[in-house]
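Thanks for coming, everyone. I have one structure to walk through today. Please look at the screen.

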Amino acid sequence: MPRPFDLLVIGDANPDVVVGPVPRAPEFGQREQLVETGRMLLGGSAAITACGAARLGLRVAFAGRVGDDAAGAFVRTVLAERGVDVSALATDPELPTPLTTVLTHGADRAILTAPGCLTATGPRDVPDRLLAASRHVHAGSFFLMPRLARSLGGIFARARGHGAATSLDTNDDPAQCWAPELLGPVLKFVDVLLPNAAEARALAAALAPASPELALASPELAPESPEGDGADIGPATAAAALARLGPLVVLKDGAAGALAHDGAVLTRTAAVPADPVDTVGAGDSFDAGFIAAVLHGLDLPAALSLAAACGALSTRAHGGTEAQPTWDEARAAALTTRPGSTA
Ligand SMILES: Nc1ncnc2c1ncn2[C@@H]1O[C@H](COP(=O)(O)OP(=O)(O)O)[C@@H](O)[C@H]1O
Ligand SMILES: [Mg+2]
């Protein structure tokens with residue numbers, strides 16, 4: 001029987017107050033500084049991925065939590081307007097909706113997040129009926145939701161039990177600890193891991209001491225190595241090392257494009273040229289593109305190019321969701337890149 005949803009996205013959803021461009025680090029001392037634009041847009045890695053996937057034509061459901069407040073109502077409304085099913089979006093009776101302020105600076109950004117009810121987001125917010133109803137289950141922002149993180153391995157195992165594939169974009173760890181004891185076991189149930197280059201390096205370095213197999217694959221990651229923090233390893237090495245832990249690793253590398261490592265073969269794609277207004281959500285839109293491509297049955301090089309197109313095209317407007325492409329737009333832009341593979 002066909003499943004009602006192509007994709008279930010689990011994770012964070014919040015208003016992003018995107019302000020900029022900020023020419024330099026903001027000053028304290030009650031100084032008021034004027035910037036060109038400020039907008040309240042839908043944010044949260046998982047919410048941006050969900051909207052990107054819906055824009056690409058997938059049937060998408062969202063599982064997560066907002067507060068009982070105006071920010072929560074905004075999130076619920078915008079997700080629904082984008083065609084995302086929010087019947088499982090829980091309302092926390094006490095904690096507020098998370099709120100993020102994004103200060104943009106060229107291709108870079110500073111992100112301030114008050115996590116609000118993200119700390120309460122947990123396994124109860126992910127109904128089994130949706131795991132059973134979806135072809136693919138994706139989770140975002142692993143480190144912002146510790147209760148969910150502790151149960152994510154079990155959730156992904158259930159999703160796989162129902163025949164779904166799984167993917168994870170951890171995003172940044174604000175504590176910079178990368179919780180290897182928590183993440184390591186989850187990776188066994190992850191089909192596709194979607195870090196950016198900095199995250200991949202940090203994850204590889206954090207997970208290496210816990211995994212002799214990984215340290216063996218990349219001696220520069222061993223704790224006794226002078227480069228034991230992973231700071232000096234390249235993206236391909238980091239991806240190869242993480243692929244040893246199970247998942248296909250699809251690594252996003254900003255204006256340099258993206259690469260994938262499946263444990264044996266490295267595949268690269270150049271970036272689709274872009275002149276970014278801001279890069280908020282580029283990685284999350286990339287995730288949506290990669291998932292959509294795989295669900296459409298594209299091979300890995302084509303999926304990587306399509307995802308890179310989705311990341312690049314999303315930078316055409318402020319925030320994460322305003323400029324996300326349709327399937328046809330993404331396909332046309334992807335044809336301008338030429339992937340290559342090395343064993
Ligand atoms: N300046 C850019 N030019 C072209 N493509 C870009 C640019 N920035 C991002 N992208 C595309 O979006 C993807 C995700 O962006 P990236 O910044 O690496 O991820 P994240 O947003 O997770 O940090 C990249 O792999 C690339 O394909
Ligand atoms: Mg990201």
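**The ligand and its surroundings**

Let's start at the ligand. Two helices, H9 (282–295) and H10 (300–314), each give at least two residues to the shell around ligand 1. Before I go on, please keep in mind that this is a predicted model.

How many residues surround ligand 1? The count is 17. The closest are Arg-109, Asn-196, Gly-254, Gly-257 and Gly-283. Sort the shell by class, and you get 9 nonpolar, 5 polar and 3 charged residues.

Now the polar contacts. Take Arg-109. An N or O atom in the side chain of Arg-109 sits 3.2 Å from an oxygen atom of ligand 1. Next, Asn-196. Here a polar side-chain atom is 2.9 Å from a ligand 1 oxygen. Then Gly-283. In this case a polar backbone atom of Gly-283 makes the approach, with a ligand 1 oxygen 2.9 Å away. And how much of the ligand is covered? On its own, ligand 1 exposes 550 Å², and the protein buries 89% of that.

Let's step back to the whole protein. It has 11 helices and 14 strands. Its radius of gyration is 19 Å, and the globule rule gives 20 Å for 343 residues, so the protein is as compact as a globular protein of that length. The C-alpha trace spans about 55 × 50 × 40 Å along its principal axes.

What about the inside? Of the 343 residues, 55% count as buried. Look at contacts with a separation of 6 or more: residues 24 or more positions apart account for 71% of them. On the outside, the protein exposes about 14,300 Å². Carbon and sulfur atoms supply 56% of that area.

One last stop: helix H1, residues 45–55. Is H1 largely enclosed or largely open? Well, 10 of its 11 residues are buried, so H1 is largely enclosed by the rest of the structure. For anyone following on the sequence, the buried residues include Ser-45, Ile-48, Thr-49 and Cys-51. Ala-46, Ala-47, Ala-50, Gly-52, Ala-53 and Ala-54 are buried too. A general reminder helps here. An α-helix has 3.6 residues a turn, so residues three or four places apart point the same way. After H1 comes Gly-57, and its phi is positive, near 100°.

To recap, then. Ligand 1 has 17 residues around it. The protein buries 89% of the area that ligand 1 exposes when taken alone. And H1 is largely enclosed, with 10 of 11 residues buried. Thank you.

Key:
Residues are numbered from 1 along each chain as its sequence is written. Chains are lettered from A and ligands numbered from 1 in the order in which they are written. This is a predicted model: local features need pLDDT of at least 70, side-chain atom pairs count only at pLDDT 80 or more; totals for chains, interfaces and linings use all residues. Side-chain values use heavy atoms; hydrogens and water are left out. A residue is near a molecule or strand if one of its heavy atoms lies within 4 Å of it. A polar contact is a pair of N or O atoms within 3.5 Å; within protein, one must be able to donate a hydrogen and the other to accept it, and residues adjacent in sequence count only if both atoms are side-chain atoms. Accessible areas come from the Shrake-Rupley method with a 1.4 Å probe; for residues, only the protein chains shown count as cover. Helices (H or I, at least four residues) and strands (E, at least two) are DSSP runs, numbered from the N terminus. Ala, Val, Leu, Ile, Met, Phe, Trp, Tyr, Cys and Pro count as nonpolar, Asp, Glu, Lys and Arg as charged, and the others, Gly among them, as polar. The radius of gyration is taken over C-alpha atoms; the globule rule is 2.2 Å times the number of residues to the power 0.38. Buried means under 20% relative accessible area, exposed over 50%, partly exposed in between (1.4 Å probe, protein chains only). Contact means heavy atoms within 4.5 Å.
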